[in-house]
Amino acid sequence: MEVSIAQNANQQLYLEVSDNGTGISDHVIEMIFVPFFTTKQQGSGIGLSLSRQIMLNHGGDLVYIKRQQGACFRCVFG
């Protein structure tokens, strides 16, 4: 796992959390922020949707960044 901090072209700080695993399947990417969507048998599907809503409510965003290998989530701070 890797954590990095940078600034985008709009002068917003962002924090990225990435790994070098298998990543997220294309058909799942479009659903990951939908409330109650889960790929786990025991999952509730609220973690990513709630996290994104919190970021949006504070003027930021939470996005998935597609990489060749691994998964990457970016928290953009307003």
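# Exercises on a predicted model

Arg74 and Glu16 form a salt bridge whose closest N and O atoms are 2.4 Å apart. That pair is a good place to begin, and please keep in mind throughout that this is a predicted model.

## Exercise 1: Follow the salt bridges

**Task.** Find out which parts of the chain the pair Arg74 and Glu16 ties together, and which residues its network joins.

**Solution.**

Step 1. Place the two residues. Arg74 belongs to strand 4 and Glu16 to strand 2, so their salt bridge ties together parts that lie 58 residues apart in sequence.

Step 2. Look for another partner of Glu16. Arg67 also makes a salt bridge with Glu16, and here the closest N and O atoms are 2.9 Å apart. Because Glu16 is in strand 2 while Arg67 is in the loop between strand 3 and strand 4, this pair connects parts 51 residues apart in sequence.

Step 3. Check how open these residues are. The relative accessibility of Glu16 is 8%, so Glu16 counts as buried; the cut-off for that word is under 20%. Arg67, with a relative accessible area of 34%, is partly exposed.

Step 4. Turn to another pair. The side chains of Asp26 and Lys66 meet in a salt bridge, at 2.4 Å from N to O. Asp26 sits in helix 1 (residues 26-29) and Lys66 in the loop between strand 3 and strand 4, so that distant parts of the chain, 40 residues apart, are linked. Lys66 is exposed, with a relative accessible area of 55%.

Step 5. Put the network together. Through salt bridges that share partners, Glu16, Arg67 and Arg74 form one network. The whole structure holds four salt bridges.

## Exercise 2: Lay out the sheet

**Task.** In what order do the four strands of the open sheet lie, and which strands are at its edges?

**Solution.**

Step 1. Write down the order. The open sheet has its four strands in the order 1-2-4-3, and the pairing is antiparallel.

Step 2. Find the edges. Strand 1 (2-7) and strand 3 (61-64) each pair on one side only, and these are the edge strands.

Step 3. Add the twist. From one strand to the next, the twist averages 20°.

Step 4. Zoom in on one pairing. Strand 3 and strand 4 (residues 72-76) run antiparallel and are joined by four bridges. Asp61, for instance, has Val76 in strand 4 as its bridge partner.

Step 5. Add the helix. Helix 2 (residues 47-57) packs on the sheet, where it touches strand 3 and strand 4, and its direction makes about 135° with that of strand 3.

## Exercise 3: Explore the surroundings of two residues

**Task.** Which residues outside their own sequence neighbourhood are in contact with Cys75 and with Ser49?

**Solution.**

Step 1. Start from Cys75, a residue of strand 4. Once neighbours within four places in sequence are set aside, the contacts of Cys75 are Leu13, Tyr14, Leu15, Met55, Asp61 and Leu62.

Step 2. Take a distance. Cys75 and Arg52 are 23 residues apart along the chain, and 8.5 Å separates their C-alpha atoms.

Step 3. Move to Ser49, which is in helix 2. With neighbours within four places in sequence left out again, Ser49 is in contact with Ile32, Phe33, Val34 and Pro35.

Step 4. Is Ser49 buried or exposed? Its relative accessibility is 12%, so Ser49 counts as buried.

## Exercise 4: Visit the surface and the loops

**Task.** Which residues make the nonpolar surface patch, and where are Gln11 and Phe36 found?

**Solution.**

Step 1. Identify the patch. Met1, Val3 and Val17 make a nonpolar surface patch of about 320 Å². Val17 has its place in strand 2 (residues 13-18), and is partly exposed at a relative accessible area of 31%.

Step 2. Go to Gln11, in the loop between strand 1 and strand 2. Its phi is near 65°, a positive value in a residue other than glycine. Gln11 is exposed, with a relative accessible area of 57%.

Step 3. Finish with Phe36, in the loop between helix 1 and helix 2. Phi of Phe36 is near 75°, again a positive value in a residue other than glycine. At 63% relative accessibility, Phe36 counts as exposed, since that word applies over 50%.

Definitions and conventions
Residues are numbered from 1 along each chain as its sequence is written. This is a predicted model: local features need pLDDT of at least 70, side-chain atom pairs count only at pLDDT 80 or more; totals for chains, interfaces and linings use all residues. Side-chain values use heavy atoms; hydrogens and water are left out. Two strands pair if DSSP finds at least two bridges between them. Helices (H or I, at least four residues) and strands (E, at least two) are DSSP runs, numbered from the N terminus. Axes are lines fitted to C-alpha atoms, for helices over the stretch in contact, and angles run from 0 to 180 degrees between N-to-C directions. Contact means heavy atoms within 4.5 Å. Patches are made of residues with over 30% relative accessible area and no salt bridge: like charges are joined within 9 Å, nonpolar side chains (Val, Leu, Ile, Met, Phe, Trp, Tyr) within 5 Å. Accessible areas come from the Shrake-Rupley method with a 1.4 Å probe; for residues, only the protein chains shown count as cover. Buried means under 20% relative accessible area, exposed over 50%, partly exposed in between (1.4 Å probe, protein chains only).
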